[in-house]
Amino acid sequence: MAQAVHVPSLDHMPTIVIAGGGIAGLEALIALHGHLGSTVDIELVEANTDLVERQRSVSEPFGGGPARRFDLVRIAADHGAHLRPDRIASVDTEARRVRTVRGDTLGYDALLVAVGATPDMALPGALTFSALLDDLDAGRVRRVAFALPTAVTWALPLYELALMTGEHVRSRGLQDVGLVLVTPEHGPLEAFGARISSHIWSLLAERGIAVVTHAVPLRAGPGGLVVAHGAPVQAERIVSMPRLVGPWIGGLPHDGQGFLATDEHGAVLGVEGVWAAGDGTAFPLKQGGLAAQQAGAAAAAIASSLGADVRPEPFRPVLRGMLLDPDGPRFLDSTRGDVPTTPLWWPPTKVAAPHLWEYLAPGTAEEPEPSEEIDVGDLLLGLAERHATVGENALELRCLDAAAQVRGALPPDAAARRDELAGAHAVTVAPHGRS
């Protein structure tokens, strides 16, 4: 349910505070500027002064070049905002004030939290990728496992690392090297649907990468990669992705991992005047394109709450992404069934964020024409079942909550399970002093 219209005092211009200058924060900023123009003051609170397109950094070890950088000061100024180099520490929702890490206090009529999440180790014993290529070239390593833990819901970077490593092994003529990708998914990148998953399976096979599905990686062990309910997968090196931990913002309701629960318009549940978008929300699928979609929905709701003639549309996730394949980028869209190398949107960026990329490349942004939707609600129910098999109850509940939001109603068994879990995982409010 959308928040009520907030009528600011007549003696001041409404103030919107956007916490976070990543994809979600900037997508919301540009959308809000379009909705409200110069009728509001916007404070963008972000410690960095550049937007870094980190989504491409996976290709850097393979000579892909450094990530692109964009000036946040200019982006903010071009959209009527002031960049404050800082981070929010806590929120007083009754007084509608934000306290920053540096000790400043900012009043707001509407607050959008888009601070992202914090990476943490998901698979004990797994290593970072940095030294792997040297070890392969020197013959010190001959068996590598790419492991996708259940706590990681956005698998694309791991697949990119596997594909690029496979091409590296092939192009260098390295002999007797075995690569295997271990995933709890039913098929590779199943989030994009069965037909795209089949294409990805073929790409992996072309580069000599074996795939083990329905396997839940747990940790590194003496025999290689330990998985639930199965024999260890032999490996000398294990490459994995970090799990994400929520922002734990003082004064805001959060779940047991610090994430912010929101409604379908991005409003933070339990408080007035606060919205959230991106990885810091409890929505379990963490991906830049989805963050941009959340930001667009939240921006419309905020504008409407401040009296703009805007009809808020709910967040209805459509998965899109660019797979950095060694033979050229592959464009993935959950509304399609192929993996073309020709762009499905323009400019062909790693993250489909229409407002942001239209600004960065004026006159070129296009939306793809969907042909066949996959059911993201069903995908979330599948993720919930996966978490249930290994006892990850908090993650299971988060997936069930998101599925209910996307679908509108859950199947009876899933609804009963959600009610059971909800009683043991209550949302709490962090103290104002915690950052």
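**View 1. Surroundings of L380 in the predicted model.** Apart from its neighbours within four places in sequence, L380 is in contact with F283, P284 and L285, and also with C399, A402, A403 and V406. L380 belongs to the largest nonpolar core, which has 58 residues, and together with L136, F146 and I200 it touches the most other members. A second core, separate from this one, consists of 42 residues, including I42, F70, A292 and A298.

**View 2. A salt bridge within helix α2.** R74 and D78, both in the helix that spans residues 72–78, are 4 residues apart, or about one turn, and the closest N and O atoms of their salt bridge are 3.7 Å apart. R74 counts as exposed because its relative accessibility is 57%, whereas D78, at 39%, counts as partly exposed.

**View 3. A salt bridge between strands β10 and β17.** The side chains of D120 and R243 meet at an N to O distance of 3.1 Å, and the pair links distant parts of the chain, with D120 in strand β10 (residues 118–120) and R243, 123 residues apart from it, in strand β17 (residues 243–245). D120 is partly exposed, with a relative accessibility of 34%, and R243 is also partly exposed, at 23%.

**View 4. A salt bridge between helices α9 and α10.** D401 and R418 meet through their side chains at 2.6 Å, N to O. Because D401 lies in helix α9 (residues 393–407) and R418 in helix α10 (residues 412–422), the pair ties together parts that are 17 residues apart in sequence. D401 is partly exposed at 32% relative accessibility, as is R418 at 29%.

Key:
Residues numbered from 1 in each chain as written. Predicted model: local features only at pLDDT ≥ 70, side-chain atom pairs only at ≥ 80, totals over all residues. Heavy atoms only, no water. Core = buried A, V, L, I, M, F, W, Y, C linked by side-chain atoms within 4.5 Å. Buried < 20%, exposed > 50% of the residue type's maximum accessible area, 1.4 Å probe, protein only. Contact = heavy atoms within 4.5 Å. Salt bridge = Lys/Arg side-chain N within 4 Å of Asp/Glu carboxyl O. Helix = DSSP H or I, 4+ residues; strand = E, 2+ residues; numbered from the N terminus.
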